[in-house]
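Me: I am new to this structure and would like to go through it step by step, with the reasoning spelled out. Could you show it to me before we begin?

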Amino acid sequence: MSPINPMKKGANAEREIAHHLNNFKLPGGDPVIAKRGCQHAGGVDTPDVKHNIPNVHLEIKRCEKMGPAKARESLLQSARDAGSNLPVVVWRSNRTEWCCILTLDHMLALLGCNRCDSDNEERDK
């Protein structure tokens, strides 16, 4: 069996995510439109997957082991490339479903939670 080319594996993962996203609709009912992005420089203009989901930057990772250090490194890379968009790492290993990695603050914001202003709001009633 020949060794796996990591670049080919990454490109296949990006195509897989684009295909997966294309099976969904946005909250307003429009279809999600996604395709593999250009992979030459990194940054806001060159995401792993181009899509019409507003304010989200996806960093696609396809590897067997995503320990805490590698997850943090991937999330930092996504944050650098995201600009003002929400950085999300989308990851899976062999024979598993795709998972998303994002910071707790970003997850809470997605859920519609707002940070309390501890000087002006009562917390314990």
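Me: How many of the residues of β3 are buried?
Reply: This is a predicted model, and in it the residues of β3 point two ways: Val-56, Leu-58, Ile-60 and Arg-62 to one side, and His-57, Glu-59 and Lys-61 to the other. In a regular strand, side chains alternate between the two faces of the sheet. Here the residues pointing either way are all buried, so β3 is mostly covered, and the number of its residues that are buried is seven of seven.

Me: Is Ile-60 buried or exposed?
Reply: Ile-60 belongs to strand β3, which spans residues 56-62. Leaving aside residues up to four places away in sequence, Ile-60 touches Ala-13, Glu-14, Ile-17, Asp-48, Val-49, Val-90 and Trp-98. Its relative accessible area is 7%, and since the cut-off for this class is under 20%, Ile-60 counts as buried.

Me: What distance separates the C-alpha atoms of Ile-60 and Ala-13?
Reply: Ala-13 is one of the residues that Ile-60 touches. Along the chain the two are 47 residues apart, while in space their C-alpha atoms are separated by 7.0 Å.

Me: Which strand is joined to β3 by seven bridges?
Reply: One point of reference is Leu-58, which stands opposite Val-88 in β4. The chain passes from β3 through helix α2, residues 68-82, in a β-α-β crossover that is right-handed, and it arrives at β4. The two strands run parallel, and the partner that the seven bridges join to β3 is β4.

Me: Which strands stand at the edges of the open sheet?
Reply: The sheet is made of three strands in the order β3-β4-β5, with mixed pairing. At each edge stands a strand with a single partner, so one side of that strand is left without a neighbour in the sheet, and these edge strands are β3 and β5. From one strand to the next, the twist averages 30 degrees.

Me: In which sense do β4 and β5 pair?
Reply: Strands of a sheet pair through backbone hydrogen bonds, either parallel or antiparallel. Trp-91 stands opposite Cys-99 in β5. Three bridges connect β4 and β5, and the sense of their pairing is antiparallel.

Me: What angle does the direction of α2 make with β3?
Reply: Helix α1 packs on the sheet, where it touches β3 and β4, and its direction makes about 130 degrees with that of β3. Helix α2, for its part, lies across β3, β4 and β5, and it runs relative to β3 at about 145 degrees.

Me: Which residue forms a salt bridge with Arg-36?
Reply: The side chain of Arg-36 meets its partner at 2.5 Å from N to O, and the pair links distant parts of the chain, 22 residues apart, with Arg-36 in strand β1 (residues 34-36) and the partner in helix α1 (residues 6-21). Arg-36 is partly exposed at a relative accessible area of 33%, whereas the partner is buried at 6%. That partner is Glu-14.

Me: What is the N to O distance in the salt bridge of Glu-16 and Arg-92?
Reply: Glu-16 lies in helix α1 and Arg-92 in strand β4 (residues 86-92), so that this pair, too, links distant parts of the chain, 76 residues apart. Glu-16 is partly exposed, with a relative accessible area of 32%, while Arg-92 counts as buried at 11%. Their side chains meet at a distance of 3.2 Å.

Me: How many salt bridges does the count come to?
Reply: Besides the pairs already described, Arg-62 forms a salt bridge with Glu-64, and their closest N and O atoms are 4.0 Å apart. A pair counts when a side-chain nitrogen of Lys or Arg is within 4 Å of a carboxyl oxygen of Asp or Glu. By this rule the number of salt bridges is five.

Me: What share of the residues of the protein counts as buried?
Reply: The protein has three helices and five strands, which run α-β-β-β-α-β-β-α from the N terminus on. Its accessible surface comes to about 9,100 Å², with 53% belonging to carbon and sulfur atoms. Of the 125 residues of the protein, the share that counts as buried is 33%.

Note on methods: Residues numbered from 1 in each chain as written. Predicted model: local features only at pLDDT ≥ 70, side-chain atom pairs only at ≥ 80, totals over all residues. Heavy atoms only, no water. Helix = DSSP H or I, 4+ residues; strand = E, 2+ residues; numbered from the N terminus. Buried < 20%, exposed > 50% of the residue type's maximum accessible area, 1.4 Å probe, protein only. Contact = heavy atoms within 4.5 Å. Pairing = 2+ DSSP bridges. Right-handed = clockwise from strand over helix to strand, strands pointing away. Axes fitted to C-alpha atoms, helices over the stretch in contact; angles between N-to-C directions. Areas by Shrake-Rupley, 256 points an atom, 1.4 Å probe, with all protein chains shown as cover.
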